[in-house]
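Me: I'd like to go through this structure slowly, one question at a time. Can you help me?

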Amino acid sequence: MSPAPWKSSGSAVPTGDVSTVPTRVKWDDVTVGLAAEPFVAPPLTITDFVRYQGASGDMNPIHHDTEFAKASGYPTPFAVGMLQAGVLGTYLTDWFGARSVRKYGVQFREQAWPGDVLTYSGTVLAVREEGDERLVDVELLAIRQTGGTHLKGWATVSL
Amino acid sequence: MAAEPFRMTVEAGKVREFALATRSSDPDHLGPQPVSPATFLQSCSWWQTPESSVWYGIARDYSRLLHGSQEMEFFGEPPSAGTELEGVMRVDKTYEKAGKKGGNMTFTEVVIEFRDVESGRLVATSRNTSIETSKAVEG
């Protein structure tokens, strides 16, 4: 199947595919086991990888240069793990607020590929107070359409 | 051993570019005085000189290299646009493990400490764990 013709919107802002305007959870509503509604992202594209690589400065051609990827033994370029880690970070901050992040980590598991549909999810592991800080520990996941785990994440936010 | 320090300015336009690339529509990321996203400090590579990287002059075989994990810690809110940071990158530890399919895996944990240039306050640390395999990486 050939892709649809590309049409410029006249803007570098991606249209129609970013997360919706965030809704923030309040401290009083956070309980252990609380889960945010999963975010199912549109299929990954090499354009997504290129946009992220320009933003981050990681210009490794294995994520966008098909000839290079093949010469390295891969069938196609594969996803930049840090892009999905960034999207999972956005999922976290849409949930708790951009200013709330105190710790955020990801472990990279299975590789993700162009066309993959990833589901981002998160669950509250612990709620605690330390000094005058109200902290929430969260576990996060990015799962491929195959059921395979692409990312395992963890975070601590301050509310 | 630590590499040379480098300077980095957190800029609104770069934060916006990074936030859009990672699917944020949060006004706190996209406005004129944005706070930076959780993984934004990855973009410090735009500010690092070769001499401020621990990998300067070291040949790495990228076909045998995996990004194992990445962790960020913030000592307060993530830095906002306008913040001048000084980063120092160092190798924190290196260790080996036996691979499941034979061969050795060498883990290297590299830390970058980011300090506010004005106050000297530690703002964030980034910890990157990379894994070099003794055999080619399987897709």
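Reply: Sure, and one definition comes in handy at the start: two strands pair if DSSP finds at least two bridges between them. Keep in mind too that this is a predicted model.

Me: Then let's use it: over how many bridges do β3(A) and β4(A) pair?

Reply: Pairing takes at least two bridges. Strands β3 (residues 119-130) and β4 (residues 133-143) of chain A run antiparallel to each other. The number of bridges between them is 11.

Me: Which residue in β4(A) is the bridge partner of Gly122(A)?

Reply: We're still on the pair β3(A) and β4(A), which is antiparallel. Look across from Gly122(A) into β4(A), and the partner you find is Leu140(A).

Me: And which residue takes a positive phi in the hairpin of β3(A) and β4(A)?

Reply: The hairpin has 2 residues between its strands. A phi near 60° turns up in this hairpin, and the residue that takes it is Gly131(A).

Me: What stands opposite Phe39(A) in β3(A)?

Reply: Strand β1 of chain A covers residues 39-40. It is joined to β3(A) by 2 bridges, and the two strands run antiparallel. Opposite Phe39(A) you get Tyr120(A).

Me: How many strands form the open sheet?

Reply: Start from β1(A), and the order goes β1(A)-β3(A)-β4(A)-β5(A)-β2(A). Then it carries on into chain B with β2(B)-β5(B)-β4(B)-β3(B)-β1(B). The pairing is antiparallel, and the strand count is 10.

Me: Which strands stand at the edges?

Reply: The sheet is open, and its order begins with one strand of chain A and ends with one of chain B. Each edge strand has a single partner, so one side of each is left without a neighbour in the sheet. Those strands are β1 of chain A and β1 of chain B.

Me: Where do the chains meet in that sheet: what stands opposite Lys103(A) in β2(B)?

Reply: In the sheet order, β2(A) is followed by β2(B). These two strands pair in the antiparallel sense over 5 bridges. Facing Lys103(A) from β2(B) is Glu73(B).

Me: And what does Tyr104(A) stand opposite in β5(A)?

Reply: β2(A) has a pairing inside its own chain as well: 7 bridges join it to β5(A), residues 149-158. Those strands run antiparallel. The residue opposite Tyr104(A) is Ala155(A).

Me: Which element gives the largest share of the side of chain A that touches chain B?

Reply: The contact takes 41 residues from chain A and 33 residues from chain B. On chain A's side, the elements that give two or more residues are α1 (46-56), α3 (81-96) and β2 (101-108). The largest share is 11 residues, and it comes from α3(A).

Me: How many residues on that side of chain A are nonpolar?

Reply: Sort the side of chain A that touches chain B by class, and you get 15 polar and 6 charged residues. The nonpolar count is 20.

Me: At what angle do α1(A) and α3(A) pack?

Reply: The axes of these helices are 9 Å apart. Among the residues that meet are Asp48(A) and Phe49(A) in α1(A), with Met82(A) and Leu83(A) in α3(A). The helices come out roughly perpendicular, because that word covers angles of 65 to 115 degrees. The angle is about 85°.

Me: Is Ala36(A) buried or partly exposed?

Reply: Ala36(A) sits in the segment before β1 of chain A. Beyond its close sequence neighbours, Ala36(A) touches Trp95(A) and Gly122(A). A buried residue needs 20 or more other C-beta atoms within 10 Å. Ala36(A) has 19 such neighbours, so it counts as partly exposed.

Me: Over in chain B, is Arg23(B) buried or exposed?

Reply: Arg23(B) lies in the loop between α1 (12-21) and α2 (27-30) of chain B. It has a positive phi of about 65° although it is not a glycine. Most residues other than glycine have a negative phi. With 25 C-beta neighbours inside 10 Å, Arg23(B) counts as buried.

Me: Last one: where in chain B is confidence highest?

Reply: Chain B averages a pLDDT of 92, and 96% of the residues score at least 70. By element, the lowest mean is 93, in β2(B). Confidence reaches 97 in strand β1 (residues 6-9) of chain B.

Methods
Residues numbered from 1 in each chain as written. Chains lettered and ligands numbered in written order. Predicted model: local features only at pLDDT ≥ 70, side-chain atom pairs only at ≥ 80, totals over all residues. Contact = placed C-beta atoms within 7 Å. Helix = DSSP H or I, 4+ residues; strand = E, 2+ residues; numbered from the N terminus. Nonpolar A, V, L, I, M, F, W, Y, C, P; charged D, E, K, R; others polar. Axes fitted to C-alpha atoms, helices over the stretch in contact; angles between N-to-C directions. Parallel < 35°, antiparallel > 145°, perpendicular 65-115°, else oblique. pLDDT = per-residue confidence, 0-100. Buried ≥ 20, exposed ≤ 12 C-beta atoms within 10 Å, placed from the backbone. Lists of a residue's contacts leave out its neighbours within four places in sequence.
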